[in-house]
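The following note sets out, point by point, what can be read from the coordinates. Please consider the points alongside the sequence and the model.

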Amino acid sequence: MGLEGVEPSVFVSDFLAKCGGYAVVDGGFATELERHGQDLNDPLWSAKCLISSPHLVRRVHLDYLDAGANVIITASYQATIQGFEAKGLSTEEAETLISRSVEIACEARQIYHDKCTKDSWDFLVDGNITRRPVLVAASVGSYGAYLADGSEYTGNYGDSVTLESLKDFHRRRLQILATSGADLIAFETIPNKLEAQAYAELLEEEGIDIPSWFSFTSKDGINVVSGDSICDCASIADSCKQVAAVGINCTPPRFIHGLILSIRKVTNKPVVIYPNSGETYDAERKTWVKSTGVADEDFVSYAAKWRDIGASLFGGCCRTTPNTIRAISRILFDKSSLTLSKADM
């Protein structure tokens, strides 16, 4: 799909219409790479595999396409020039790997479309098989993701980090991703208002003409993780013409309902929702642990409720799998299958 001068909001609206009114986003990427045997205890996290195992990156994209995803997100979340250089790579090598993350996703999409299997989620129109619309979203992780110290889950960057320093940090990666062939840019796990403002200003300053979405993270259902109001953060996204959707990712499912309602108060842009499994990330031990309090099991069954209160794009984040995405697809598009079993999770 190409923009060809179409306004970002119109582009995404047209895409959603072609998908049937709603779209399915993919799920946890590192989760699947680890299932394939990768050790991601590394400052580059899943971006490490762009160097060592690009074939597995492609495999995970294909697994999510087979599960019904309409949007596949690149393995560039923690792929920064600064991070690659810290591993001893040159600036040129780092830039090539960032661009390569998009190329791999586009290759997976082409392979999928060329070799669609009978159990894919392609659909019939007037008796003819129609290719399911698929967008490639170039992931931009927060500054905290680069730090690899868990600060994307707190939004506490310290007084030395300013609006200008954040723009300087993200600028070159954004330039690369915007010209890499991606259909949109996904600014993910945004932990504070400052970084959202930095992204909005960068999109304007760089004249980025492909759509983007801003996706925030919360740990209380009211604010983003830094304590900034979700309404204030969503308002920044609403005022930026390049932002075509606003939402929440890597947040426990029990908080999503209230966050959708808050976002809808300040924007009419499509809402994208891709929660984590409900577990909590322990930054010191670098592992996920079961949360206390309200259980988040079978969060896929919430998807219909989220749809009913205004969300338009649905997927999963950390600790979700292709089975999760397959179940979301069934909930959204197969009215005869409204009950999920444990086997679907």
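1. Strand β7 (residues 212-216) and strand β8 run parallel and share five bridges. Within this pair, Phe214 has Val246 of β8 as its bridge partner. The connection from β7 to β8 passes through helix α10 (residues 230-239), and this β-α-β crossover is right-handed. Helices here are DSSP runs of H or I with at least four residues, strands are runs of E with at least two, and both are numbered from the N terminus. Two strands pair if DSSP finds at least two bridges between them. A crossover is called right-handed if, with the strands pointing away from the viewer, the path from the first strand over the helix to the second runs clockwise.

2. On the basis of the note: this is a predicted model, in which local features need pLDDT of at least 70 and side-chain atom pairs count only at pLDDT 80 or more, while totals for chains, interfaces and linings use all residues. Residues are numbered from 1 along each chain as its sequence is written, and side-chain values use heavy atoms, with hydrogens and water left out.

3. Strand β8 (residues 243-249) is largely enclosed by the rest of the structure, because seven of its seven residues are buried (buried means under 20% relative accessible area, exposed over 50%, partly exposed in between, with a 1.4 Å probe and protein chains only). On its pairing with strand β9 (residues 271-274), β8 is parallel and contributes to four bridges. Gly247 is set opposite Val272 of β9. Helix α11 (residues 256-266) carries the chain from β8 to β9 in a right-handed β-α-β crossover.

4. The wider arrangement is an open sheet of eight strands with parallel pairing, in the order β1-β12-β9-β8-β7-β6-β5-β2. Its edge strands, each pairing on one side only, are β1 (23-24) and β2 (71-73). Three bridges link β2 to strand β5 (residues 135-140) in the parallel sense, and Ile73 is matched with Ala137 in β5.

5. Strand β6 is joined to β5 by four bridges, the two running parallel, with Val140 opposite Phe187 of β6. It is also parallel to β7, again over four bridges, and Ile190 has Phe216 of β7 as its bridge partner. Together with helix α9 (residues 193-205), β6 and β7 make a right-handed β-α-β unit. Seven of the seven residues of β6 are buried, so this strand is largely enclosed by the rest of the structure.

6. Two backbone angles deserve inspection. Thr189, which is not a glycine, has a positive phi of about 50 degrees; the residue belongs to strand β6 (residues 184-190) and is buried at 2% relative accessible area. Ala148 also has a positive phi, near 55 degrees. Ala148 sits in the loop between α7 (143-147) and α8 (163-178) and is partly exposed, at 22% relative accessibility.

7. What is the volume of the largest cavity? The space in it is about 40 Å³, and the structure holds one cavity of 30 Å³ or more. Its lining consists of Val12, Leu184, Pro211, Ser212, Trp213, Ala244, Ala245 and Leu313. The elements giving two or more residues to this lining are β7 and β8. A cavity is a set of points, on a 1 Å grid over the protein atoms alone, where a 1.4 Å probe fits but cannot get out, and lining residues have an atom within 4 Å of a point. Grid points are joined across faces, edges and corners, and a volume is the space filled by probe spheres set on the points.

8. An unreviewed UniProt entry carries the annotation "binding site" for Cys250, Cys317 and Cys318. These residues span 69 residues in sequence, yet no two of their C-alpha atoms are more than 6.4 Å apart, so they gather at one spot. UniProt positions are given in the numbering used here, feature names are shortened, and annotations may be inferred rather than shown by experiment. Cys250 is placed in the loop between β8 and α11 and is buried at 4% relative accessible area. Cys318 occupies the loop between β12 (311-314) and α13 (322-333) and is likewise buried, at 8% relative accessibility.

How values were computed. On a 1 Å grid over the protein atoms alone, a cavity is a set of points where a 1.4 Å probe fits but cannot get out, and a pocket is an open set with protein on both sides within 12 Å along at least five of seven lines; lining residues have an atom within 4 Å of a point.
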